[in-house]
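Grab a pencil and work through these exercises at your own pace. Try each task before you read the solution under it.

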Amino acid sequence: MAGYRHLRLETDGAVATVTIDRPEARNALDGPTVEELHRALEEAAGARVLILTGAGDKAFVSGADIHAIRARTRDDALWSINSRLMTAVEAHPAVTLAAVNGYALGGGCELALACDLRIASEHAVFGLPEPSLGIIPGAGGTQRLPRIVGLGRAKEMILTGARWDAGQALANGLVSEVVAPAELLAAARRLAERVLALGPLAVRLAKLALNASAQMPLAAGLAFESTAQAITFASDDKREGTTAFLEKRKPRFTGD
């Protein structure tokens, strides 16, 4: 793949890290950055864990570029440029982990919401302030936030323009851990190692089933879950996992 101008992609074993690197714009999402993120997601398709973070200590992603928002038309909104990016993050085969190092506002908050797991530095701030610009969140904020923190809390954030600091985000279940800024990437790596210790096929299918739970009626979701479990029951990883447990040793999963 060609090089990147607005982000960095680094791979270490089964873990890939994408760092959005536009410090002059507080890592805001503009068209070229969104395009590069799509390319990075494709390039990291073989990773088992994908960490998303922002450069510097000020912002994870501060949202979409306001100049770009001002120029967008109704048809641009219907084209769902940022929404399609968040859907691609959510559907990525890896477990996606947002390491939120600062402001995660608007599209930045929505990018974190699209990830499977979220941890934050003590300096993180979350918000969906689009109504203050006369628009509404349009990249999944009104849909994913209620599924994560509950409808009441989501309404409180969006309808009042509230911003949550890291402690509030932790208390409301938006993030699972808050650490000192200098420890953020190490904490993300520790969480990634916990994912890597599990059966790769089981994790992949569990992610699919969990995502399906937000899109299917219960009966359909249970049928999906049973089908996914049947696939794992026929796998080499299931035989290895159960054998390792009985032999009191760590399993050696292969993903088959």
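**Exercise 1. A residue and its surroundings**

Leaving aside its neighbours within four places in sequence, which residues is Leu9 in contact with?

*Solution.* Keep in mind that you're looking at a predicted model. Start by placing the residue: Leu9 sits in strand β1. Next, skip everything within four places of Leu9 in sequence, and you're left with contacts to Tyr4, Ala16, Thr17, Val18, Ala40, Glu43 and Ala44. Finally, try a residue from elsewhere in the chain: Phe60 is 51 residues away from Leu9 in sequence, and their C-alpha atoms are 15 Å apart in space.

**Exercise 2. From one strand to a hairpin**

Find the strand that β1 forms a hairpin with, and work out how the two are joined.

*Solution.* The hairpin partner of β1 is β2, and two residues lie between the strands. Look at the turn, where Gly13 has a positive phi of about 65 degrees. Now check the direction: β1 and β2 (residues 15–20) run antiparallel, joined by six bridges. You can pick out individual pairs as well. Asp12 has Val15 of β2 as its bridge partner, while Glu10 is opposite Thr17 in β2.

**Exercise 3. The six-strand sheet**

In what order do the six strands of the open sheet come, and which strands stand at its edges?

*Solution.* Walk across the sheet and you'll read β1-β2-β3-β5-β7-β10, with mixed pairing. As a reminder, strands in a sheet pair through backbone hydrogen bonds, and they can do so parallel or antiparallel. The edges belong to β1 (7–12) and β10 (177–179); each has a single partner strand, so one side of each has no neighbour in the sheet. On average, neighbouring strands here are turned by 20 degrees against each other, if you ignore direction. To finish, add a helix to the picture: α1 lies across β1, β2 and β3 (49–54), and runs at about 10 degrees to β1.

**Exercise 4. The four-strand sheet**

Do the same for the open sheet of four strands: give its order and its edges.

*Solution.* This time the order is β4-β6-β8-β9, and the pairing is mixed. β4 (59–61) and β9 (163–165) are the edge strands; each has a single partner, so one side of each is left without a neighbour in the sheet. From one strand to the next, the twist averages 20 degrees. Zoom in on β6 (residues 103–105) and β8 (residues 125–127): they run parallel, with three bridges between them. In one of these pairings, Ala104 is matched with Phe126 in β8.

**Exercise 5. Two helix pairs that share α4**

How do α1 and α4 pack, and how do α4 and α5 pack?

*Solution.* You need two values for each pair: packed helices are described by the angle between their axes and the distance between those axes.

- Take α1 (residues 31–43) and α4 (residues 81–90) to begin with: the angle is about 20 degrees and the axes are 10 Å apart. That makes α1 roughly parallel to α4, and their crossing is left-handed. Val34, Leu37, His38 and Leu41 of α1 touch Ile81, Asn82, Arg84, Leu85, Ala88 and Val89 of α4. Sort the residues of this α1–α4 contact by class and you get seven nonpolar, two polar and one charged.
- Now turn to α4 and α5 (residues 107–114): here the angle is about 25 degrees, with the axes 8 Å apart. So α4 is roughly parallel to α5, and α4 passes α5 in a right-handed crossing. The contact involves Met86, Val89 and Glu90 of α4, plus Gly107, Glu110, Leu111 and Ala114 of α5. The classes in this α4–α5 contact are four nonpolar, one polar and two charged.

**Exercise 6. An angle that needs a cut-off**

At what angle do α6 and α7 pack?

*Solution.* The angle between α6 (residues 141–149) and α7 (residues 151–160) is about 135 degrees, and the axes are 7 Å apart. That makes α6 oblique to α7, since roughly antiparallel would need an angle over 145. The crossing is right-handed. On the α6 side you'll find Gly141, Thr142, Leu145, Pro146 and Val149, meeting Leu151, Arg153, Ala154, Met157 and Ile158 in α7.

Definitions and conventions: Residues numbered from 1 in each chain as written. Predicted model: local features only at pLDDT ≥ 70, side-chain atom pairs only at ≥ 80, totals over all residues. Heavy atoms only, no water. Axes fitted to C-alpha atoms, helices over the stretch in contact; angles between N-to-C directions. Parallel < 35°, antiparallel > 145°, perpendicular 65-115°, else oblique. Left-handed = near helix turned anticlockwise from the far one by under 90°. Contact = heavy atoms within 4.5 Å. Nonpolar A, V, L, I, M, F, W, Y, C, P; charged D, E, K, R; others polar. Pairing = 2+ DSSP bridges.
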